Amino acid sequence: MSAPRLSALIVARNEQDRLPDCLASVAFADEVVVVLDRSTDRSAEIAGAAGARILEGAWELEGDRRNAGIAACSGDWILEVDADERVDAALAKAVRATITTSRHAWHQVPVDNYVGERLIRHGWAGSFGTTSVPRLFRRGAKRWRAQRVHPGLDWTGEEGPKITDGALVHLVDRDISDMLRRLDKYSSAKAADLIASGNIGSLGNNLRRFVMRGFKSYVSRKGYKEGAWGILLAFCTGAFPLLAYLKARLEPGRHGG
């Protein structure tokens with residue numbers, strides 16, 4: 001019986017600086033598929049030189065472009081990796097071992113999150129970051145929903161044990177300013193999703209979410225162990241839904257209303 005084939009899927013937009021290292025880290029896969037969304041830099045040239053299959057296009061919704069990438073993969077299993085992520089050697093070995101023996105449809109993989117040169121292990125929560133992601137799955141088991149930012153997932157089949165060896169190295173932000181720019185970008189996209197849904201929520205509910213999410217980040221997820229970085233992370237985690245609501249309410253014309 002032949003070993004299962006593995007596709008590595010990378011979805012990117014103008015990531016010529018980060019794409020080479022990302023591609024090198026997934027070279028262990030049997031197939032690499034790169035989805036380029038409205039890219040105007042050298043990303044296509046770089047992906048082609050690495051031997052990747054390239055799918056170019058324009059997708060307004062994150063869920064749609066990720067689904068297009070999944071559909072382009074031919075492997076029995078798919079490992080999704082973003083351009084700002086790298087699969088370390090231990091995780092690559094664990095992924096190979098998992099797909100050889102797994103009877104399940106999908107598995108979580110561990111994530112090491114970096115801001116600049118600093119590894120931040122604690123405090124990631126909600127939509128602003130996580131230490132585990134469901135990125136390894138059988139073809140046909142995973143579908144993203146039609147949303148702009150952090151779309152929901154629909155699964156077919158049962159979840160298997162989380163992979164515990166190695167990590168997906170995530171270069172989340174270059175510095176604090178980059179983190180705040182990401183908060184602004186994500187909250188704008190979320191505001192557009194709220195407007196499209198016809199229900200932006202209420203100020204009171206989002207104020208409660210600001211407090212609860214910040215508490216979860218700093219206390220429940222042990223962000224306090226990161227010192228001042230934990231405070232910053234708790235603020236961004238709590239502010240994300242509140243800022244999205246305020247943009248949808250106060251500036252609907254700028255966010256799709």
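**Fold, core and two unusual loop residues**

User: What percentage of the 257 residues of the protein count as buried?
Analyst: The structure is a predicted model. A residue counts as buried when its relative accessible area is under 20%. Across the 257 residues of the protein, the share that meets this condition is 49%.

User: How many helices and strands does the protein have, and why is it called as compact as a globular protein of that length?
Analyst: The protein has seven helices and 11 strands. For 257 residues the globule rule gives 18 Å, and the radius of gyration of the protein is close to that value, so the protein is as compact as a globular protein of that length. The radius of gyration itself is 19 Å.

User: In which sense do strand E2 and strand E3 pair, and what is the hand of the crossover between them?
Analyst: Strand E2 (residues 31-37) and strand E3 (residues 53-57) pair over five bridges, in the parallel sense. Within this pair, Val 35 of E2 stands opposite Leu 55 of E3. From E2 the chain passes through helix H2 (residues 43-49) to E3, a β-α-β crossover that is right-handed.

User: Which element gives the most to the largest nonpolar core?
Analyst: The largest nonpolar core has 31 residues, and those with the most contacts inside it include Leu 6, Val 34 and Leu 136. Among the elements that give two or more residues to this core are strand E1 (6-12), helix H1 (19-25), E2, H2 and helix H4 (89-101). The element that gives the most, with five residues, is H4.

User: How many residues does the other core have?
Analyst: Another core lies apart from the largest nonpolar core. Leu 9, Ile 70, Cys 73 and Ala 105 are among its residues. This other core has 14 residues.

User: Where is Arg 38 found, and is Arg 38 buried or partly exposed?
Analyst: Arg 38 has a positive phi of about 55 degrees although it is not a glycine. The residue lies in the loop between E2 and H2. Its relative accessibility is 34%, which falls between the limits of 20% and 50%, so Arg 38 counts as partly exposed.

User: What is the relative accessible area of Lys 222?
Analyst: Lys 222 is found in the loop between helix H6 (203-220) and helix H7 (228-250). Phi of Lys 222 is near 65 degrees, a positive value in a residue other than glycine. Lys 222 is partly exposed, and its relative accessible area is 37%.

Note on methods:
Residues are numbered from 1 along each chain as its sequence is written. This is a predicted model: local features need pLDDT of at least 70, side-chain atom pairs count only at pLDDT 80 or more; totals for chains, interfaces and linings use all residues. Side-chain values use heavy atoms; hydrogens and water are left out. Two strands pair if DSSP finds at least two bridges between them. Helices (H or I, at least four residues) and strands (E, at least two) are DSSP runs, numbered from the N terminus. A crossover is right-handed if, with the strands pointing away from the viewer, the path from the first strand over the helix to the second runs clockwise. The radius of gyration is taken over C-alpha atoms; the globule rule is 2.2 Å times the number of residues to the power 0.38. Buried means under 20% relative accessible area, exposed over 50%, partly exposed in between (1.4 Å probe, protein chains only). A nonpolar core is a set of buried Ala, Val, Leu, Ile, Met, Phe, Trp, Tyr and Cys residues joined through side-chain atoms within 4.5 Å.
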